Amino acid sequence: MKMRKSTQVAVGGLTSALCLLLMFMTGMIPFATFALPAMAGIVLVAVVVEMGRPTAAMVYTAVSLLSLFMCPDKEAAMMFIGFFGFYPIVKGVLERIKYRFLRIAAKFAVFNISILASYWIIINLFGLTEILEEMGTFGEFTLLVTWLMGNLVFVVFDLALGRITYAYVHILRRRFFHKAG
């Protein structure tokens, strides 16, 4: 079934507004720097399923640009832009990789390159050097521990995103929207 342009615009606008609301709340809720951008990214799952990757990419672009200006927590905005916003869009493409080892390696490569690039931008372009001070005092292993914890959180996020997508397509969509998945 071909989706009308007006429907795409309406759904794109509503999901953009919901994502921006979540991003705006990062300044109000402590420790929301990673949780709310992840939740905003999960909202894009419905756009990918219902409207396709091109529409989801437009929503991602709009939310990314607006969150840079509206989001009080610039680190959270960069986490959405650098990873949590685009990963739900590209996850389906990565899932098509035939060999499991290559699929997992590609996912980890996308995550690690995205996070490294995001933090490079946060520290060097935005000048938010206090992030380095906030990492705590694990001693000489601070970066290693932080990197390992980040990769562990990525595994959880990837699994959760897969299950949320499955639940949306096979349960919520059929039950509430009466569409075959």
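Start by colouring the chain by confidence and selecting two helices: α7 (residues 130-134) has the lowest mean pLDDT among the elements of the protein chain, at 66, and α5 (residues 87-95) the highest, at 95. This is a predicted model, and where pLDDT is low, the predicted coordinates should not be read in detail. For the whole protein chain, the average pLDDT is 87, with 90% of the residues scoring at least 70.

**Stop 1: helix α2**

Now select residues 35-51, which form helix α2. Its 17 residues reach 25 Å from first C-alpha to last, close to the 24 Å expected at 1.5 Å a residue. Is this helix mostly covered, or mostly uncovered? Mostly covered: 12 of the 17 residues in α2 are buried. Show the side chains and click through the buried ones, among them Leu-36, Val-43, Leu-44, Val-47, Val-48 and Met-51. The buried set also includes Pro-37, Gly-41 and Glu-50. Then step just past the end of α2 to Gly-52, where phi is positive, at about 100 degrees.

**Stop 2: the nonpolar patch**

Next, switch on the surface and select Phe-24, Met-28, Ile-29, Leu-66, Phe-69 and Met-70, which make a nonpolar surface patch of about 630 Å². Which helix gives the largest share of this patch? Helix α3 (residues 53-70) does, with 3 residues. Pause on Met-70, which lies in α3. Met-70 counts as partly exposed because its relative accessibility is 43%, between the 20% and 50% cut-offs.

**Stop 3: two cysteines**

Hide the surface and pick out Cys-19 and Cys-71. Cys-19 counts as buried because its relative accessibility is 0%. Cys-71, at 2% relative accessibility, is therefore classed as buried too. How many disulfides does a search of the whole structure find? The search finds 0.

**Stop 4: Thr-165 and Pro-88**

Finish in helix α8 by selecting residues 142-177 and centring on Thr-165 within that helix. Is Thr-165 buried or partly exposed? Thr-165 counts as partly exposed, because its relative accessibility is 25%, above the 20% limit for buried residues. Now add Pro-88 and draw a distance between the two C-alpha atoms: Thr-165 and Pro-88 are 77 residues apart along the chain, and their C-alpha atoms are separated by 9.2 Å. Before you leave, look around Pro-88 at residues 87-95, helix α5, the element with the highest mean pLDDT.

Technical notes:
Residues are numbered from 1 along each chain as its sequence is written. This is a predicted model: local features need pLDDT of at least 70, side-chain atom pairs count only at pLDDT 80 or more; totals for chains, interfaces and linings use all residues. Side-chain values use heavy atoms; hydrogens and water are left out. Helices (H or I, at least four residues) and strands (E, at least two) are DSSP runs, numbered from the N terminus. Buried means under 20% relative accessible area, exposed over 50%, partly exposed in between (1.4 Å probe, protein chains only). The expected span of a helix is 1.5 Å times one less than its number of residues. A disulfide is a pair of cysteine sulfur atoms within 2.5 Å. pLDDT is the predictor's confidence in each residue, from 0 to 100. Patches are made of residues with over 30% relative accessible area and no salt bridge: like charges are joined within 9 Å, nonpolar side chains (Val, Leu, Ile, Met, Phe, Trp, Tyr) within 5 Å. Accessible areas come from the Shrake-Rupley method with a 1.4 Å probe; for residues, only the protein chains shown count as cover. A salt bridge is a side-chain nitrogen of Lys or Arg within 4 Å of a carboxyl oxygen of Asp or Glu.
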